Amino acid sequence: NIKASGSITVDQVSSTTNLFTKTANTDHSAQGDIVKFGTATTTTQGDLYYFNASGGWTQASADATASSGGVLLAIALGTASATNGMLLRGIYTMDAAAIDGTEVTGDELYVGVTAGHVTNTAPGSGDIVRVVGYCLDGTNGQIWFNPSNDFILVA
């Protein structure tokens, strides 16, 4: 057990367990793997982004492989990627405006065709289908965010 006030910097941490609990019902509650890197990017809190070739973050969309296929995906935790961070994997309470469709508990979630959104309906012809997680609570918007490395271009 470590107890301290302020911050602690370590070079390496060993753990046998990572414990995630469901986030609060409050929109934008988050826990998990968070990064604060990339060029300064203004983001919309709660939207889905990909790490672009310029080293910044751009809203993801299922309309193109370049913005939703074999790219690093994250959820913006605030309006500044380098300050507020980007959630790579974990539990997040979505704002209803960032989920297209009416998700229910247990639904699979995908990159949406609306830039920055996720959806509970797999995109169709000409779009990329990539699972980004699962709905843990359809009433309160909590999701398990863990983007698949696999994707499919629908013919």
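This is a short tour of the structure, from the whole chain down to a few aromatic rings. Keep in mind that the model is predicted.

**Stop 1: the whole chain**

Select the protein chain and show it as a cartoon. You should find two helices and twelve strands. Now trace the chain from the N terminus. The order of elements is β-β-β-α-β-α-β-β-β-β-β-β-β-β. The radius of gyration is 16 Å, close to the 15 Å that the globule rule gives for 155 residues, so the chain is as compact as a globular protein of that length. Turn the model along its principal axes. The C-alpha atoms fill a box of roughly 55 × 35 × 30 Å.

**Stop 2: inside and outside**

How much of the chain is buried? Buried residues make up 43% of the 155 residues. Switch on the surface next. The chain exposes about 8300 Å², and carbon and sulfur atoms supply 50% of that area.

Go back to the cartoon and think about contacts. Take those between residues at least 6 apart in sequence: 58% of them join residues at least 24 apart.

**Stop 3: the charges**

Color the charged residues by sign. The chain has 5 positive and 13 negative charges. Where do the two groups sit on average? Their mean positions are 15 Å apart.

**Stop 4: aromatic pairs**

Select Phe, Tyr and Trp side chains. A pair of aromatic rings is described by the distance of the centres and the angle of the planes. This structure holds four such pairs.

Start with Phe-20 and Trp-144. The two rings are edge-to-face, 5.5 Å centre to centre, with 65 degrees between the planes. Why is this pair worth a look along the sequence? Phe-20 lies in the segment before strand S1 (30-35) and Trp-144 in strand S11 (residues 142-145), so the pair ties together parts that are 124 residues apart in sequence. Stay on Phe-20 for a moment. Its relative accessibility is 25%, so Phe-20 counts as partly exposed.

Move on to Phe-51 and Trp-57. This pair is tilted: 5.0 Å centre to centre, with 55 degrees between the planes. Which ring is buried and which is partly exposed? Trp-57 is buried, with a relative accessible area of 4%. Phe-51 is partly exposed, at 27%.

**Stop 5: a ring cluster**

Keep Phe-51 and Trp-57 selected and add Phe-37. Ring pairs link these three residues, Phe-37, Phe-51 and Trp-57, into a cluster. Zoom in there to end the tour.

Key
Residues numbered from 1 in each chain as written. Predicted model: local features only at pLDDT ≥ 70, side-chain atom pairs only at ≥ 80, totals over all residues. Heavy atoms only, no water. Phe/Tyr/Trp six-rings, centres within 6.5 Å; stacked < 30°, edge-to-face > 60°. Helix = DSSP H or I, 4+ residues; strand = E, 2+ residues; numbered from the N terminus. Buried < 20%, exposed > 50% of the residue type's maximum accessible area, 1.4 Å probe, protein only. Rg over C-alpha atoms; globule rule 2.2 N^0.38 Å. Contact = heavy atoms within 4.5 Å. Areas by Shrake-Rupley, 256 points an atom, 1.4 Å probe, with all protein chains shown as cover. Lys, Arg positive; Asp, Glu negative; His and termini not counted. Charge placed at Lys NZ, Arg CZ, Asp CG, Glu CD.
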